[in-house]
Structures are given as structure tokens and as C-alpha cells.
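Me: I've got a structure to go through, and I'd like the reasoning behind the labels. Can we take it label by label?

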Amino acid sequence: MGTWRSAALAAAAAAVLALTATGCGQDKGSSYAGSGNGQPVGNASTAQQPGDNAYGSSGGYGQAGGAEAAAKQAGQLTVSDSKELGKVLTDSAGFTLYRFDKDTASPPKTTCEGDCAKAWPAVPADGVTAAAGTDAAKIGSVTRADGTKQLTIGGWPMYRYAKDTSPGDTNGQNVGGTWHAAAPDGKKASAEAAPAPAAALPGLSVRKDAKLGDVIVDARGMTVYRFKKDSAWPMKSACTGACLQKWPAVAPVGKNDTKGIALKGFVTFDRPDGVKQQSITCWPVYTFSGDTKPGDTNGQGVGGTWYAVSPEGKLVGAPK
């Protein structure tokens, strides 16, 4: 009887986990609206914390410091826009990546070990995908003293900061005068070096395209797409591996960081590969690496399976 009861409890727990991971209704008649659990990035906080030294103090990142945080892969890199820092490189969960002035890029070398590495967990080199619109050739690795491989961008070793507790935090900026948020090319993020945006855009909004009509765009003005091979009920993505490098997943966006789009089924999809992806009407959404500037729609109709997304979350221009 005890064995049967344990098996039943395990099965029930698995069922709850599956429902939680899906985040959307299990049938097409579901009216579940949900709410995204992701947060918008780019809300920089550059003030140095009282008592911070060259290392800072541990006990923050993702509510887990030290070895646990150090082991977390970066996944799909993204680029956020900060008024204070310009373009900032973040991991798949929206956490800021940093570089250390005492390291070197040519050749790549890390000098942050011991207590330093507890406050500044090294980002693992494996499981990393370049951010949309950035040079994948800038991604590399350096071998640390313990034999592990650390991610480098433009030769510079990448770290997270233990006191960044939420996506978009930049509490590590200028700690000790030696730690800086990383730009997409591995250089120091700098608002002076970043071109001023034509207009500030919400995380997701609507643009009127001359050929396609109203389509959804991200905060950079890049066109958002859906994949016909995906599923919304239950939520699944058929785009993995090399596909996800070509079609980067749209990172989670808060509902209050949108304008003019459908919010029913606007939930975060916890992908099996660990990437958190925004969905619209329960459909996972992506950008296209072949779009190099705002307004591009080079992904439209690719393979007869990729299409821009309407404000209602529907495919734009897809054959019926």
C-alpha cells in the first residue's frame, strides 16, 4: 500500500509540474488569460552600494549566490537598452553580465578567484547563444584555475553579480571602480557610445508596415514572428538548437511594458532548454537573426512556416 501511495503522489506532483510549465489552457476552449512572470530589463541602478569594495558581497543573484549561481548557464543572450548605460548584455533570464578591469582580453585571462568569485560568479561557457543582431564570433571561452570554462565576449571574461536579485538590475556597475556592465561586443557599456534611439518603445508594441499592416515589434523595433510548427495548447516550441540561434526567443516582457497588443494568453513559456520565452495568445514568439535593423521583415514567410504577428497574436499574411 505504501509503494502504491508513493507512486500516486509522484504522479500527481508531475501533473502539477506539467501544468505549471505550460502556463496556458490545455484545450482550445480555455479562457485562461494568465500573466507573464518575467520582468522587463533595462531599469539600471548604477549607484554603488554602501560598504561595497572591489568584490562587493555575496548572496543575491537569482536568490542564490556562490557555486549555485556560478553553475547557471547564460542560454540565449539578449541586449537591453538602459538610459544610463546604453546597450547592456544580459542572459536568457534578463540578468546583467559584467566584465572586470583587472582581467585581460588579449589573451583572455580571469583574475577573479576565491572570495571574488563568490561575489562575481563566472558565467559558464557552454549553453550560450549569441544575442540577435550581434556577432557570434565574439563569443569564446577562457579556462579558469579550477579547470572550468568561462564565457568570454570579445575576449573579456563574463560574470554576474551576486547582489543583482531581479532581471535588469545593474547593482554591480562601477563597484570598486573596476566592474562594469558589458556591452554586446564585450566592451564597457556606455550611454555615450550608444546612438540615441529615435523613440523609446515598450517591450512589445505595434508598428504599421507598408506591406503587412499592423505587426508586433520588440523594444528595439524588430519584427516579432510565430512558427507554424509550434503549439499553443499545450504550449510547445518546435524551434530548438540551431533553429533557436536563427530565430531567437523573445525574452519575457511585463504586461505593463506593452502597447496595443492582446494580453490574453500573455504568459512566460519555460522552455525545456531553460530559456524563458514570451508568448502571445499562448503562442511562443521570436525575432529573426536575418533582420538587421528596425522595420526589417526578412523572416516573413520563410519556409512557409514563419510569419509576423498581428496585434491580436495571429499570423500575418499566412495562407489559410
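What follows is a short back-and-forth on disulfides, burial, confidence and one sheet.

Me: Before the details, what kind of model is this?
Reply: It's a predicted model. The protein chain averages a pLDDT of 81, and 75% of the residues score at least 70.

Me: Where does the pLDDT drop below 50?
Reply: One such stretch is residues 26-54, which still has 74 contacts in the model beyond near neighbours in sequence. Residues 57-70 also sit below 50, with 32 contacts of that kind.

Me: OK, on to the cysteines. How many disulfides does a search of the whole structure find?
Reply: Two.

Me: What makes cysteine 112 and cysteine 116 a disulfide?
Reply: Their sulfur atoms are 2.0 Å apart. The cut-off is within 2.5 Å, so the pair counts.

Me: And how do you know that cysteine 239 and cysteine 243 are joined?
Reply: By the S to S distance again: 2.0 Å for cysteine 239 and cysteine 243. Set that against the limit of 2.5 Å and the pair is therefore a disulfide.

Me: Which hand does the link of cysteine 112 and cysteine 116 have?
Reply: Left-handed, with -110 degrees about the S-S bond. The link of cysteine 239 and cysteine 243 is left-handed too, at -110 degrees.

Me: Why is cysteine 112 called buried?
Reply: Its relative accessible area is 0%, and buried means under 20%, so the label fits. Cysteine 116 comes in at 1%, so it counts as buried as well.

Me: Is cysteine 239 buried or exposed?
Reply: Cysteine 239 is buried, because its relative accessibility is 0%.

Me: Then why is cysteine 243 called partly exposed?
Reply: Cysteine 243 has a relative accessible area of 22%. Buried stops under 20% and exposed starts over 50%, so 22% lands in between.

Me: Now the sheet. What is the order of the three strands?
Reply: S17-S18-S19, in an open sheet with antiparallel pairing.

Me: Why do strand S17 and strand S19 stand at the edges?
Reply: Because strand S17 (268-270) and strand S19 (283-284) each have a single partner strand, so one side of each is left without a neighbour in the sheet.

Me: How do you know that strand S18 pairs with S19?
Reply: Two bridges join strand S18 (residues 276-280) to S19, and they run antiparallel. Pairing needs at least two bridges, so S18 and S19 qualify.

Me: Which residue in S19 stands opposite isoleucine 280?
Reply: Tryptophan 283.

Note on methods
Residues are numbered from 1 along each chain as its sequence is written. This is a predicted model: local features need pLDDT of at least 70, side-chain atom pairs count only at pLDDT 80 or more; totals for chains, interfaces and linings use all residues. Side-chain values use heavy atoms; hydrogens and water are left out. Buried means under 20% relative accessible area, exposed over 50%, partly exposed in between (1.4 Å probe, protein chains only). pLDDT is the predictor's confidence in each residue, from 0 to 100. Contact means heavy atoms within 4.5 Å. Helices (H or I, at least four residues) and strands (E, at least two) are DSSP runs, numbered from the N terminus.
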